[in-house]
Amino acid sequence: MTLSMNTPDFLIERNKDRCINCQVCVRQCANEAHLWDEEEEKVVSDDAQCVNCHRCVGMCPTHALSIRKFPLEFRENANWTAGTMKAIYRQADTGGILLTGMGTDRPYPIYWDHLLLNASQVTNPSIDPLREPMELKTFLGRKPERIVVENGRLVEPLPPQLELDLPIMFSAMSFGSVSLNVAKSLAQAAETLGTFYNTGEGGLHEDLYKYGKNTIVQVASGRFGVHSEYLNAGAAIEIKIGQGAKPGIGGHLPGEKVGVEVSRTRMIPERSDAISPAPHHDIYSIEDLTQLIFSLKEATNYEKPVIVKIAAVHNVSAIASGIARAGADIIAIDGFRGGTGAAPLRTRDSVGIPIELALAAVDSRLRDEGIRNQVSLVVGGSIRNSADIVKAIALGADAVYVASAALIALGCHMCQKCYTGKCNWGIATQKPELVKRLNPEIGAERVANLLKAWEHEVKELLGGMGINAIESLRGNRLMLRGIGLSDRDLNILGVSAAGE
Ligand code: SF4
Ligand code: SF4
């Protein structure tokens, strides 16, 4: 075997004056970046194993540790950067596809940061959300052309709707890709907040059935864990066609992550790779999609809205139009900055489009075609804070999906090594000794806290605009101005430039 030409990505610095050789870092690191040297009777480091997840740094009782980028300077070259060359060394070592986790870290434009919100002055006074009511209640689902009311009651019942106390849901994360304790944290937080979490393609673990009224059950191409009881357990069903981090390809959960619980929940053999195919093998046209939507409605007595989730790709507005006409109640669009447990690096970093552009294009097209009321739009793909949410709603979304932000609230430090199954924070792992590091009660509280904080901030921002109901902001692009954007970008986003 030839010697690898790759160098470590990170350098572990251990302050000798502070280190008390307690070995906490040795026990905390699943990557074996810290080792106990029997002969020397001291803790030593293996820099090459470090993924910079900060677990040891956070747990060291004497703050003896710090992690830095490995101080190796390649000769400066704008074309052959250090990252490009190291990727080639890795592939020359292994002959394999480069895998990664979480969303893209490439410096693509983040349009949320080029959109500015409006605020009331003089004639349209702002509203103080601490003293006046502010409505964030959101209903997702098909809305009828008109409603007929007799004696204060609807004559025709509405199509099935999801009722959210705030326009934020947790997007799909499968049990297998994340630990059961993550799923429990999200489910409990969803129940507390009056919103929904999503099973992803991992099936529904028996411990989670009690959260059914706050659960969106997903049907993906692998159909893992899909059966009648599963479909009827949730409040809505999501057909996953695509995912922002890896449009056009399927999923792969390595066999090491398929322990007894995952195998039972997904209905696959233990330790077998769970490979979901790129396409649904029964969907090759809008008509096929219609068939699946109505099969799922039939299986659930037409009581649950059906969501179709797609990745944001080049012709996303035409695709969304077809999905609306196929009978979906909700369309979820996942932008290319969305996270993942595992994706080929080149796909993650090169395929798809930003959610901001996709959302604006889809909302405009559905309005132009007069079918916007037939579907609700939910968008995800790196919603980072409450301002992103307000901007998304103003651009046309009915609600947003968050995932990476929720995982960060649970302890994720974005090391992007989720695909290894060795997440030191107990998130993207099935190893019992790591899973137990995340207490679902504490996790639920932290995630609920995050969304409650965002809820307050959304109300503040709405109040500042003189708006007292999220409904009045939906698709109200007059509340947005673009800064540092080209005319073409502004045109696609449907917003004026700042100063106009
Ligand atoms: S956890 Fe901190 S004090 Fe303990 S051995 Fe590691 S570096 Fe030293
Ligand atoms: S979930 Fe865990 S492995 Fe994945 S990026 Fe976050 S800390 Fe790293």
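This is a walk through a predicted model, starting at its ligand, passing through its nonpolar interior and ending with its salt bridges.

Let us begin at ligand 1. There are 13 residues around this ligand, and Arg14, Cys19, Cys22, Cys25 and Cys60 are the ones that come nearest. Sorted by character, the shell around ligand 1 holds nine nonpolar residues, three polar ones and one charged one.

From there, turn to the interior. The largest nonpolar core has 109 residues, and within this core Phe170 and Ile333 touch the most other members. Helix 4, spanning residues 180–193, supplies the largest share of this core, with eight residues. A second core, separate from that one, has 14 residues, including Leu140, Ile307, Ala332 and Ala399.

Phe170 is a good residue to click on next. Setting aside neighbours within four places in sequence, Phe170 is in contact with Leu186, Ala189, Ala190 and Leu193, among others. Its contacts also include Phe196, Tyr197 and Asn198, as well as Tyr401, Val402, Ala406, Val447 and Leu451.

Now move on to Ser174, which sits in the loop between strand 11 (168–170) and helix 4. Is this loop residue buried or exposed? Ser174 has a relative accessible area of 9%, and because the cut-off for buried is under 20%, Ser174 counts as buried. Thr199 is 25 residues away along the chain, yet the C-alpha atoms of Ser174 and Thr199 are separated by 5.4 Å. If residues up to four places away in sequence are not counted, Ser174 touches Thr199, Gly200, Glu201, Gly202 and Arg266.

The last stop is charge pairing. Side chains of opposite charge can pair when their charged atoms come close. A search of the whole structure finds 26 salt bridges. One of them joins Arg325 to Glu369, with the closest N and O atoms 2.7 Å apart. Arg325 belongs to helix 8 (residues 316–325), while Glu369 is in the loop between helix 10 (355–368) and strand 20 (376–380), so this pair ties together parts that are 44 residues apart in sequence. Arg325 is exposed, at 52% relative accessibility, and Glu369 is partly exposed, at 27%.

Asp363 takes part in a salt bridge with Arg367, where the closest N and O atoms are 2.9 Å apart. Both of these residues lie in helix 10, four residues apart, which is about one turn of the helix. How do the two differ in accessibility? Asp363 is buried, at 1% relative accessibility, whereas Arg367 is partly exposed, at 42%.

Asp363 also meets the side chain of Arg477 in a salt bridge, at 3.1 Å from N to O. This pair links distant parts of the chain, since Arg477 is in the loop between helix 15 (470–473) and strand 22 (480–482), 114 residues from Asp363 in helix 10. Arg477 is buried, with a relative accessible area of 13%. Both salt bridges of Asp363 described here belong to a wider picture: Asp363, Arg367, Arg372, Asp398, Glu471, Arg474 and Arg477 are linked in a network of salt bridges.

Definitions and conventions: Residues numbered from 1 in each chain as written. Chains lettered and ligands numbered in written order. Predicted model: local features only at pLDDT ≥ 70, side-chain atom pairs only at ≥ 80, totals over all residues. Heavy atoms only, no water. Near = heavy atom within 4 Å. Nonpolar A, V, L, I, M, F, W, Y, C, P; charged D, E, K, R; others polar. Core = buried A, V, L, I, M, F, W, Y, C linked by side-chain atoms within 4.5 Å. Buried < 20%, exposed > 50% of the residue type's maximum accessible area, 1.4 Å probe, protein only. Helix = DSSP H or I, 4+ residues; strand = E, 2+ residues; numbered from the N terminus. Contact = heavy atoms within 4.5 Å. Salt bridge = Lys/Arg side-chain N within 4 Å of Asp/Glu carboxyl O.
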